[in-house]
Amino acid sequence: SAQVHELESKVAQFQHDNQSLASASAYFRSDSYLERQARLKLNYKLADEQVAFVYKGTASRSAGPEETFREQVLKMPDWKKWWYYLLGY
């Protein structure tokens with residue numbers, strides 16, 4: 001009886017896994033998946049879409065709060081750095 005119950009649970013798990021694989025396989029064959037991959041990997045765009053290019057640059061970069069804190073930490077005495085370290089900053 002315990003073996004039958006164990007086998008039934010394994011069969012149910014295999015059926016669930018099979019359904020999950022079937023739905024994933026169907027998604028991977030769908031047009032929406034292919035379009036998403038083309039957009040991500042090939043920079044694909046539709047004819048009526050506008051594209052904006054964003055470049056990482058350091059010329060016009062402003063200092064954020066973390067950079068300001070780092071600059072302040074460099075100016076601090078060692079005892080104060082340890083204090084912040086012990087507090088978890």
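Partly exposed describes a residue whose relative accessible area falls between the buried limit, under 20%, and the exposed limit, over 50%. R39, at 28% relative accessibility, is therefore partly exposed. The model is predicted. This briefing covers charged pairs, serine contacts, a nonpolar patch and aromatic rings. The salt bridges number 4, and the aromatic pairs number 3.

**Salt bridges around R39**

- R39 pairs with E35 in a salt bridge, with 2.9 Å between the closest N and O atoms.
- Both residues of this pair, R39 and E35, belong to helix α2, which covers residues 31-42. They sit 4 residues apart, about one turn of the helix.
- E35 has a relative accessible area of 33%, so E35 is partly exposed.
- R39 also takes part in a salt bridge with E49, where the closest N and O atoms are 3.0 Å apart.
- That second pair links distant parts of the chain. E49 is in the loop between α2 and α3 (65-75), R39 is in helix α2, and the two are 10 residues apart.
- E49 has 27% relative accessibility and is therefore partly exposed.
- Together, E35, R39 and E49 make up a network of salt bridges.

**A salt bridge in helix α4**

- K81 and D78 form a salt bridge, and their closest N and O atoms are 3.9 Å apart.
- The cut-off for a salt bridge is within 4 Å, so a pair at 3.9 Å counts.
- Helix α4, residues 78-87, holds both K81 and D78. The spacing is 3 residues, about one turn of the helix.
- K81 is partly exposed, at 30% relative accessibility.
- D78 has 55% relative accessibility, so D78 counts as exposed.

**Contacts of S30**

- S30 is located in the loop between α1 (2-28) and α2.
- The side chains of S30 and S32 are joined by a polar contact of 3.2 Å.
- The S30 side chain also reaches a backbone atom, the nitrogen of Y33, at 3.3 Å.

**Nonpolar surface patch**

- L42, Y44 and L46 make a nonpolar patch on the surface, of about 300 Å².
- One of these residues, L46, is in the loop between α2 and α3.
- L46 has a relative accessible area of 31%, so L46 is partly exposed.
- Patch residues need over 30% relative accessible area, so L46 at 31% meets that cut-off.

**Aromatic rings**

- The count of aromatic pairs is 3. Among them is Y27 with F28: the ring centres are 5.9 Å apart and the planes meet at 50°, so this pair is tilted.
- Y27 is partly exposed, with 39% relative accessibility.
- F28 is partly exposed as well, with a relative accessible area of 47%.
- The rings of Y27 and Y33 have centres 5.3 Å apart, and their planes lie at 65°, so the pair is edge-to-face.
- Planes over 60 degrees apart count as edge-to-face, so 65° qualifies.
- Y27, F28 and Y33 are linked by ring pairs into a cluster.
- Y33 thus appears under two topics: its ring pairs with that of Y27, and its backbone nitrogen is reached by the side chain of S30.

Key
Residues are numbered from 1 along each chain as its sequence is written. This is a predicted model: local features need pLDDT of at least 70, side-chain atom pairs count only at pLDDT 80 or more; totals for chains, interfaces and linings use all residues. Side-chain values use heavy atoms; hydrogens and water are left out. A salt bridge is a side-chain nitrogen of Lys or Arg within 4 Å of a carboxyl oxygen of Asp or Glu. Buried means under 20% relative accessible area, exposed over 50%, partly exposed in between (1.4 Å probe, protein chains only). A polar contact is a pair of N or O atoms within 3.5 Å; within protein, one must be able to donate a hydrogen and the other to accept it, and residues adjacent in sequence count only if both atoms are side-chain atoms. Patches are made of residues with over 30% relative accessible area and no salt bridge: like charges are joined within 9 Å, nonpolar side chains (Val, Leu, Ile, Met, Phe, Trp, Tyr) within 5 Å. Accessible areas come from the Shrake-Rupley method with a 1.4 Å probe; for residues, only the protein chains shown count as cover. Rings of Phe, Tyr and Trp (its six-membered ring) pair if their centres lie within 6.5 Å; planes under 30 degrees apart count as stacked, over 60 as edge-to-face and the rest as tilted.
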